[in-house]
Amino acid sequence: MPTGRVVQLCNEAILSPANRLQTLEKMAKPFFPLSSGEDKRAAAVLIAICEEKDNILSLLYTQRSGNLSRHTGQVSFPGGMRDPTDNSWEDCALRETEEEIGLQRRFIDVWGTAAPLKVPYSGQKAITIYPVIGSVKNFSDLKLKINPEEVERVFNVSLDHLIAPENHRHTQFKTGLVIPAYVNTPAKIWGITAYLTHIFLKAALPKDAYRRTWPILSSYKL
């Protein structure tokens, strides 16, 4: 797709109030069935669509620090476990984002919270993730303050890049579950972060702008 058309979509449609509501409506259906009972482990993440220079829209990612005990070096959205002082999932995502990368909540225009995602096939360590959607104007002008204990680096990936088929891959897990991945980025975007990226792009962009598919593979045993 020509770059010019993507920029036009960004300026006239993607950030419009109507598309915000439509995006949240599309993301209101649970991605995976939730188990009954209270979530014992629950977190919120921020899917932030950032307005950068030259009318470029991008998504904001972090790469986890090597100081962490789990998922070291993996790409994620800013966010973390809910604190008792958080009044909502939005509060949780905004607080964690500021703690991790120094992006203050006053710069984030919150759209709303999407349906929770219960990370499948994770047994007793299952976690429920609440995606909070927001946008950030003039992101290139903001100064971030990265917490090195939690974050190795912050990077943005343009929508142009994410919708391009040559940057699409997929990952198959031992269970047979197949989910998308995105490459040719500062670090490979895969796992739950890639799945949430896909869900958001499918909801926020017109069908002719993002036609992402991946093969359905049979499960296998080692």
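Buried means under 20% relative accessible area, exposed means over 50%, and partly exposed is anything in between, using a 1.4 Å probe and protein chains only. By that yardstick Glu99, at 39% relative accessibility, counts as partly exposed. What you're looking at is a predicted model, so local features need pLDDT of at least 70, side-chain atom pairs count only at pLDDT 80 or more, and totals for chains, interfaces and linings use all residues. Residues are numbered from 1 along each chain as its sequence is written, and side-chain values use heavy atoms, with hydrogens and water left out. Here's a tour of the charged pairs, the rings and one well-covered strand.

**Salt bridges**

- There are five salt bridges in the structure, each being a side-chain nitrogen of Lys or Arg within 4 Å of a carboxyl oxygen of Asp or Glu.
- Asp86 pairs up with Arg95, with 2.8 Å between the closest N and O atoms, and both Asp86 and Arg95 are buried.
- Arg95 also meets Glu99 in a salt bridge, at 3.2 Å from N to O.
- Glu99 and Arg95 sit four residues apart in helix α3, about one turn of the helix. Helices (H or I, at least four residues) and strands (E, at least two) are DSSP runs, numbered from the N terminus.
- Arg95 has a relative accessible area of 15%, so it counts as buried.
- Zoom out a bit and Asp86, Arg95, Glu96 and Glu99 turn out to be linked in a network of salt bridges.
- Away from that group of four, Asp91 forms a salt bridge with Arg105, and here the closest N and O atoms are 3.2 Å apart.
- That pair ties together distant parts of the chain: Asp91 is in helix α3 (residues 89-101), while Arg105 is in the loop between α3 and β5 (108-113), 14 residues apart.
- Asp91 is buried, at 19% relative accessible area, whereas Arg105 is partly exposed, at 36%.

**A closer look at Glu96**

- Glu96, a member of the salt-bridge network, is found in helix α3.
- With a relative accessible area of 9%, Glu96 is buried.
- Leaving aside residues up to four places away in sequence, Glu96 touches Gly79, Gly80, Met81 and Glu150, where contact means heavy atoms within 4.5 Å.

**Rings that pair**

- The structure holds four aromatic pairs. Rings of Phe, Tyr and Trp (its six-membered ring) pair if their centres lie within 6.5 Å; planes under 30 degrees apart count as stacked, over 60 as edge-to-face and the rest as tilted.
- Take Tyr61 and Phe77: their ring centres are 5.0 Å apart and their planes are at 25°, so this pair is stacked.
- This pair links distant parts of the chain, with Tyr61 in strand β2 (residues 57-64) and Phe77 in the loop between β3 (75-76) and β4 (79-81), 16 residues apart. Tyr61 and Phe77 are both buried.
- Tyr61 also stacks with Phe155, as the ring centres are 5.8 Å apart and the planes are at 25°.
- Here the reach along the chain is 94 residues, from Tyr61 in strand β2 to Phe155 in strand β8 (residues 151-158). Phe155 is buried, and so is Tyr61.
- Put together, ring pairs join Tyr61, Phe77 and Phe155 into a cluster.

**Charges over rings**

- Arg82 lies over the face of Trp89, 4.6 Å from the ring centre. For a charge to sit over a ring, NZ of Lys or CZ of Arg must be within 6 Å of the ring centre and within 35 degrees of the ring normal.
- Arg212 has its charged end over the ring of Tyr182, at 5.4 Å from the centre.

**Strand β7 and its partners**

- Strand β7 (residues 128-136) is mostly covered, with nine of its nine residues buried.
- In a regular strand the side chains alternate between the two faces of the sheet.
- In β7, Thr128, Tyr130, Val132, Gly134 and Val136 point one way, Ile129, Pro131, Ile133 and Ser135 point the other way, and all are buried.
- Strand β1 (residues 42-51) runs parallel to β7, with nine bridges between them; two strands pair if DSSP finds at least two bridges between them.
- β5 and β7 run antiparallel and are joined by five bridges.
- Ile133 of β7 stands opposite Ile47, and Ile133 is also the bridge partner of Gly112.
- Strand β6 (residues 117-118) pairs with β7 in the antiparallel sense over two bridges, and Leu117 has Ile129 in β7 as its bridge partner.
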